[in-house]
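The following exercises concern strand pairing and cysteine residues. Please attempt each task before reading its solution.

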Amino acid sequence: MKKLFTFLFALIAGIGTICASYTQVNGIYYNFNKTTQTAAVTYHGNTYEDNEYTPVVYSGAVIIPSSVSYDGITYSVTSIGDYAFFECSSLTSVTIPNSVTSIGESAFYKCSSLTSVTIPNSVTSITHYAFYGCSSLTSLTIPNSVTSIGEKAFYGCSGITSPVYNAHY
């Protein structure tokens with residue numbers, strides 16, 4: 001029985017390793033899921049405090065591609081993961097492709113130089129603290145496709161003048 005348990009544990013651990021991995025492609029870190037052939041933009045490090053996104057890497061405008069090829073497989077970029085651009089203070093604008101459906105928790109947290117974000121009609125959810133503290137953000141259009149906006153997603157975005165963002169979001 002012990003051998004069976006050890007075998008099953010090793011098998012499950014191996015499947016997790018096969019299905020998900022992250023690496024850098026063209027300057028952006030992705031978490032790849034081989035099973036669904038999807039990718040999420042992600043941070044790199046053991047925790048978001050160890051985030052290796054630096055102002056030197058992400059300065060100016062970033063255009064996230066709709067797909068990325070890695071290790072002979074083309075993955076559809078379907079989300080901006082939690083903490084993906086956490087405290088990336090030199091990031092000025094982000095263009096998100098139509099393949100993305102969600103923006104994760106604290107994805108652009110305290111990106112203090114971020115002035116504009118293009119959110120496509122494919123996005124349905126923007127989670128908690130996604131743009132928290134983006135004080136320079138002045139250009140933002142949220143499409144009607146967004147059905148869920150998390151707590152304080154736009155808190156501290158003092159450059160946005162629409163009353164809805166100055167209040168709860």
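**Exercise 1.** Is Cys157 buried or exposed?

*Solution.* The model is a predicted one. The relative accessible area of Cys157 is 3%. A residue counts as buried when this value is under 20%. Cys157 is therefore buried.

**Exercise 2.** Explain why Cys134 and Cys157 are not joined by a disulfide.

*Solution.* Step 1: a disulfide requires two cysteine sulfur atoms within 2.5 Å. Step 2: the cysteine sulfur closest to that of Cys134 belongs to Cys157, at 5.0 Å. Step 3: seen from Cys157, the closest cysteine sulfur is that of Cys134, also at 5.0 Å. Step 4: this distance is too far for a bond. Cys134 is itself buried, because its relative accessibility is 0%. A search of the whole structure likewise yields zero disulfides.

**Exercise 3.** Determine how strand 2 and strand 3 are arranged and connected.

*Solution.* Step 1: locate strand 2 at residues 28-33 and strand 3 at residues 38-41. Step 2: the two strands pair in the antiparallel sense, over four bridges. Step 3: four residues lie between strand 2 and strand 3, and the two form a hairpin. In the turn, Gln37 has a positive phi of about 50°.

**Exercise 4.** Trace the bridge partners of Ala40.

*Solution.* Step 1: Ala40, in strand 3, is the bridge partner of Asn31. Step 2: strand 3 also pairs with strand 6 (residues 73-80), in the parallel sense and over four bridges. Step 3: in strand 6, Ser79 is the bridge partner of Ala40.

Terms used: Residues are numbered from 1 along each chain as its sequence is written. This is a predicted model: local features need pLDDT of at least 70, side-chain atom pairs count only at pLDDT 80 or more; totals for chains, interfaces and linings use all residues. Side-chain values use heavy atoms; hydrogens and water are left out. Two strands pair if DSSP finds at least two bridges between them. Buried means under 20% relative accessible area, exposed over 50%, partly exposed in between (1.4 Å probe, protein chains only).
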